[in-house]
Amino acid sequence: MTPPIHRPQVRTHGDKRLLEFQPGMVQSEMRLSRPDDLVLSYVRAMMCFVLFHPQPGHIVMVGLGGGSLAKFCYRYLPQARITVLELNPDVIALREQFAIPRDNARFQVIQADAVTYMSQLDNSADVLLVDGFDADGLPPALGSASFYADCRRALRPGGVMVTNIFSYDPLYTTMLRRLRQTFHGHICWFPGIAGNNRILFAVKGGGHSPAMAMQRKVARTGGLALPLLNRLLAHWVVLKLRRA
């Protein structure tokens, strides 16, 4: 992957703090009064991985951004160890401005090329969250056949990979085909759950796991079928975790 050339920018307006690579191109959003909240709809949609794998032991994230997913998982999935891969050192340098926890026994942010790092993992993660956007969108390397193969190998049996792809990305159809081939058709999504962000869930086989059963159900029904109901489902998932 090519090293990033755009420096991230932080803007604060009242109770809102934004991370952007270009003006108006919001990568992450945080409420200063409630820094662990999930503000953006696509982030709540990605948290629907708990419907597939409710008690992950190890979560690997590609892309730190403002740390919304990392902070939420760290607080509300206390059994999980969390590894975050971030290529851009300028993004990591902003972690205190976004209330991202310091590294500890459960939580680690690693400056690394996710393509290289993922190729070294084997049967390690229960959940992979791929949200590695830069100023130009999703780097092609994070949608390649070889990267998807490495992601599948990095998962434990019954593990789930969640990837965020813009529905209007010119390579969307190609990436969808690669993901389906790599995971032997065990993919699904919730229609309309996050607007132009298509959140895809891919499950690694290995017996009759809860994740596989959920994948088959969602692939058959489209989740709750209607876009509004799927968006409400994502809100419900987040609310349930916060109240657990």
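**Reading the labels on this chain**

User: What makes up the secondary structure of the chain?

Analyst: The chain comes to 8 helices and 10 strands. Helices are DSSP runs of H or I with at least four residues, strands are runs of E with at least two, and both are numbered from the N terminus. Keep in mind that this is a predicted model, where local features need pLDDT of at least 70, side-chain atom pairs count only at pLDDT 80 or more, and totals for chains, interfaces and linings use all residues. Residues are numbered from 1 along each chain as its sequence is written, and side-chain values use heavy atoms, with hydrogens and water left out.

User: Why is the chain called as compact as a globular protein of that length?

Analyst: Its radius of gyration is 17 Å, close to the 18 Å that the globule rule gives for 244 residues, so the label fits. That radius is taken over C-alpha atoms, and the rule is 2.2 Å times the number of residues to the power 0.38. Along its principal axes, the C-alpha trace spans about 45 × 40 × 40 Å.

User: How many disulfides does a search of the whole structure find, and why does Cys48 not form one?

Analyst: The search finds 0. A disulfide is a pair of cysteine sulfur atoms within 2.5 Å. The closest cysteine sulfur to that of Cys48 is in Cys188, 10 Å away, so the two are too far apart for a bond. Going the other way, the closest one to the sulfur of Cys188 is in Cys48, again at 10 Å and too far.

User: Are those two cysteines buried or exposed?

Analyst: Buried means under 20% relative accessible area, exposed means over 50%, and partly exposed is in between (1.4 Å probe, protein chains only). Cys48 has 0%, so it is buried. Cys188 has 2%, so it counts as buried too. Across the chain, 53% of the 244 residues get that label.

User: What makes Asn123 partly exposed?

Analyst: Its relative accessibility is 39%, so it takes the middle label. Asn123 sits in the loop between α4 (114-118) and β7 (125-130). It has a positive phi of about 55° although it is not a glycine.

User: And what is the phi of His184, and is that residue buried or exposed?

Analyst: Phi of His184 is near 55°, another positive value in a residue other than glycine. Its relative accessible area is 53%, so it is exposed. Its place is the loop between α6 (172-182) and β9 (187-189).

User: How do you know that Gln27 is buried, and which residues is it in contact with?

Analyst: Gln27 has a relative accessible area of 15%, so buried is the right word. It belongs to strand β3 (residues 25-31). Contact means heavy atoms within 4.5 Å. Leaving aside neighbours within four places in sequence, Gln27 is in contact with Leu19, Glu20, Phe21, Leu40, Tyr42, Phe133 and Asp134.

User: Why is Asp150 called buried?

Analyst: At 12% relative accessible area, Asp150 is buried, so it earns the label. You'll find it in helix α5 (residues 145-154). With neighbours within four places in sequence set aside, Asp150 is in contact with Val115, Met118 and Ser119.

User: What share of the contacts in the chain with a separation of 6 or more comes from residues 24 or more positions apart?

Analyst: Those residues account for 69% of such contacts.
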